[in-house]
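Biologist: Could you walk me through this one while we both have it open? I would like to start with how the helices pack and then jump around a bit.

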Amino acid sequence: MNNIDTFALFQNTFYSAGKNYLLRMCNDLLRRLSKSQNTVFCGRIQLFLARLFPLSEKSGLNLQSQFNLENVTVFNTNEQDSTLGQKHIEERDEGMEVEEGEMGDDEAPTSCSIPIDYNLYRKFWSLQDYFRNPVQCYEKVSWKTFLKYSEEVLAVFKSYKLDDTQASRKKLEELKTGGEHVYFAKFLTSEKLMDLQLSDSNFRRHILLQYLILFQYLKGQVKFKSSNYVLTDEQSLWIEDTTKLVYQLLSENPPDGERFSKMVEHILNTEENWNTWKNEGCPSFVKERPSDSKPTRLVRKRPAPEDFLGKGPNKKILMGNEELTRLWNLCPDNMEACKSETREYMPTLEEFFEEAIEQADPENMVENEYKAVNNSNYGWRALRLLARRSPHFFQPTNQQFKSLPEYLENMVIKLAKELPPPSEEIKTGEDEDEEDNDALLKENNESPDVQRDKPVTGEQIELFAIKLGEQWKILAPYLEMKDSDIRQIESDSEDVKMRAKQLLVAWQDQEGIHATPENLITAMNKAGLSDLAESLMNDTENSS
C-alpha cells in the first residue's frame, strides 16, 4: 500500500471503477488476519477503508444495529476445576515462575484486599455475555441475573478504590517517553489473574466503559430495534442511577480519572448524533449548490424616480412595466374603479351567443369557416361561460363530439330553443322610457368637444373599424402596439374588418378612460391618415 499513489486512488476515474474491488480485497484480507495477533494491521486496513469511502457509504455502516455474537469470552464454568482459594496464591508469593501475559512482582500493584472466590469470578466474567448481546436485558429472567451480578461487581469496584500505584506511574512515563504500550485484544480470563485485574486501572476502565455503552443502547432510539424491546420504569430508574455511579467510579480511577470521565461522556454524547443520522436513513453530508445560483447581494433601496410620480397632461404614472402601467392608469381613483359596473366582465348567455345563434340559423346561410364557434379563442371563452351559467354543461350525454366546434354548435342549438326571441323580450315601463329620453336629450345637448373627450363606445369602434380597414397596420405603432400584438391580431383572423376591430379593442383596453375619439384622431394624424381622421371627426360631431 505504501508504494501506491494515494492521491490517484481518490480520483473519480479510478474510484468509480475500482472502489468495489478494493472493498472486497480488504474484506478478504481482514477475514484471513487474526484480530488478536494482527490487531494493528487490521486497524490500518480499517482506517484505509474509512479514508477511501465517504461516511455515507452503506457497506461500512452497521445500519441494522447487529451485534458481533461470535465474540464469546471463554472462562472456567466448572466450579470443581476452580483453583481459587488454593495454593496458587502462596506459590506466586514464594517466587513461582511468571506465566506469559502476567506481571512480575516488581511490576504488579498491591494485591487486592477483597476475598476472591469462584462466585465472584463467575459473575464477573458472565457479564461479558450481556455486553456482547444487550438484547438479553429486555428479558425478565436475564435482567434479574444481570442486575444481581452488576450490583456485586460494582460494589467491589466501589469498595476497593485504586491509588496512583507504581504500575500506573510507569505507564505514564512510557507514554511521555514514547515507549511501547502493551495492548491485548481479548481479555485474559485465567483465575490466577483475577486479583491483579481488579487492581489494574486500565482493566477497570474497560469494564466501566462497557457498562456505559450498554446503557446507551438500552435507552437509545434505534430504528431497527424491535417494538417489544422497551424498558420498564424500574429498569430506566436503575440505569440512570447506575450511570451516575459508573461516571463517579471512572473519575476516581487513576490516572487522570476526572479528565477521562469527561472525555468518555463527550464521546457518547457525540455517538447519539450518529445514531440519529442512521435512524434518518444516512442522508448525505454534502449539500450541492445549484450551478445557476448566484450569491445574493443586499441592494440599497433607491428613492422613487420622478417618472413614478406622474407626468404629462394626463399625469400618467409609470410603474416600470408596460402592463403594470396600463393596469394602474385605467382609472385615477382605484377605489372607484373597483366599484365600477364595468368590472362585471362576465356577459350573459344571450349577449355572448347571440351572434352564434344567428349564424347557426340555416336561413342566414353562413358558411362554416366564418362561424364564431370555429374560432379557438371564442370556444375557450364559451366553455368558461357555459361552466358558470349553463345547466347543460354538467349534464351527462350519450353524444360523442369529435371536436370543440361540433360541441359548441350543439350547445348553441339547445340555447336557441330555450332563450326567448327578440320579439318576446319584456318591455320596460313608461318611467324607464322617460328616463332614457331624458338621458338621450342630455347627451344630445352636450357639445362636440365634450363628446370627443369621453371614452369610445362599442358602436364607435364598429364604425371606426369599418373605415379603418386595411390601414389598421399603419395605425398600430402609433397606438403603442407591440410587434407581438400585431402578429397576434394577424393570426387570429384573416378578415380586415375584424383585424381593425381587434386593434381598436386592444387599444381601448390598454388606455382605459383615455381611449377617447380625440386621442384616436391625434394618433391618425401622426400616422399620416389625415383624411381618415377628418372623417372620424365629422362622424363624431354628427353623432353628437
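Biologist: At roughly what angle do the axes of H6 and H9 cross, and within what distance do they come?

Modeller: Keeping in mind that this is a predicted model, the axes of H6 and H9 cross at roughly 145° and come within 12 Å. The crossing of these two helices is left-handed.

Biologist: Which residues meet there, H6 against H9?

Modeller: From H6 there are Trp143, Phe146, Ser150, Leu154 and Phe157, and they meet Arg204, Ile207, Leu208, Tyr211, Leu214, Phe215 and Leu218 in H9. In terms of character, the residues of this contact between H6 and H9 divide into ten nonpolar, one polar and one charged.

Biologist: And the largest nonpolar core, which residues touch the most other members?

Modeller: That core has 42 residues, and the ones touching the most other members are Phe124, Phe146, Phe157, Leu198, Tyr211 and Leu218. Two or more residues each come from helix H5 (118-132), helix H6 (140-159), helix H8 (194-198), helix H9 (201-219), helix H10 (233-252) and helix H11 (257-279). The element that gives the most to this core is H9, with nine residues. As a general background, nonpolar side chains in soluble globular proteins tend to be buried together.

Biologist: What does Leu218 touch, leaving out residues up to four places away in sequence?

Modeller: With those left out, Leu218 touches Pro134, Cys137, Tyr138, Trp143, Lys225, Leu231 and Ile239. There is also a second, separate core of 26 residues, which includes Val456, Leu479, Met481 and Ala515.

Biologist: Back to helix pairs. How do H15 and H16 pack, in angle and axis distance?

Modeller: Helix H15 (residues 376-389) and helix H16 (residues 404-418) have their axes 11 Å apart and pack at an angle of about 50°, and H15 and H16 are therefore oblique to each other. Their crossing is left-handed.

Biologist: Who meets whom in that pair, H15 and H16?

Modeller: On the H15 side Gly379, Ala382, Leu383 and Leu386 meet Leu404, Tyr407, Leu408, Met411 and Leu415 on the H16 side. The residues of this contact divide into eight nonpolar, one polar and no charged.

Biologist: Changing topic to backbone oddities: where is there a cis peptide bond?

Modeller: The cis peptide bond joins Pro254 and Pro255, with omega about -5°, and Pro255 lies in the loop between H10 and H11. For context, most peptide bonds are trans, and most residues other than glycine have a negative phi.

Biologist: On phi, then, what value does Met365 have?

Modeller: Met365 has a positive phi of about 50° although it is not a glycine. Its place is the loop between helix H14 (349-360) and H15, and because its relative accessibility is 71%, Met365 counts as exposed. Another residue to look at is Glu480, which is not a glycine either and has a positive phi of about 65°; Glu480 sits in the loop between helix H20 (472-475) and helix H21 (483-492).

Biologist: What about Ser261, buried or exposed?

Modeller: Ser261, which is found in helix H11, has a relative accessibility of 7% and so counts as buried. Not counting residues up to four places away in sequence, Ser261 touches Tyr247, Leu250 and Ser251. Ser261 and Arg205 are 56 residues apart in sequence, while their C-alpha atoms are 9.6 Å apart in space.

Biologist: And Gln359, why is it put in the class it is in?

Modeller: Gln359 belongs to helix H14, and it is buried because its relative accessible area is 12%, where the cut-off for buried is under 20%. Leaving out residues up to four places away in sequence, Gln359 touches Asn364, Val366, Tyr370, Lys371 and Ala372.

Biologist: Where is Ile317 found?

Modeller: Ile317 is in the loop between H11 and helix H12 (322-328), and at 22% relative accessibility it counts as partly exposed. The C-alpha atoms of Ile317 and Asn329 are separated by 6.8 Å, although these residues are twelve apart along the chain.

Biologist: Last one, the whole chain: how many helices and strands does it have?

Modeller: The protein chain has 24 helices and zero strands, and of its 544 residues 31% count as buried. Among contacts between residues at least 6 apart in sequence, 72% join residues at least 24 apart.

Key: Residues numbered from 1 in each chain as written. Predicted model: local features only at pLDDT ≥ 70, side-chain atom pairs only at ≥ 80, totals over all residues. Heavy atoms only, no water. Axes fitted to C-alpha atoms, helices over the stretch in contact; angles between N-to-C directions. Helix = DSSP H or I, 4+ residues; strand = E, 2+ residues; numbered from the N terminus. Parallel < 35°, antiparallel > 145°, perpendicular 65-115°, else oblique. Left-handed = near helix turned anticlockwise from the far one by under 90°. Contact = heavy atoms within 4.5 Å. Nonpolar A, V, L, I, M, F, W, Y, C, P; charged D, E, K, R; others polar. Core = buried A, V, L, I, M, F, W, Y, C linked by side-chain atoms within 4.5 Å. Buried < 20%, exposed > 50% of the residue type's maximum accessible area, 1.4 Å probe, protein only.
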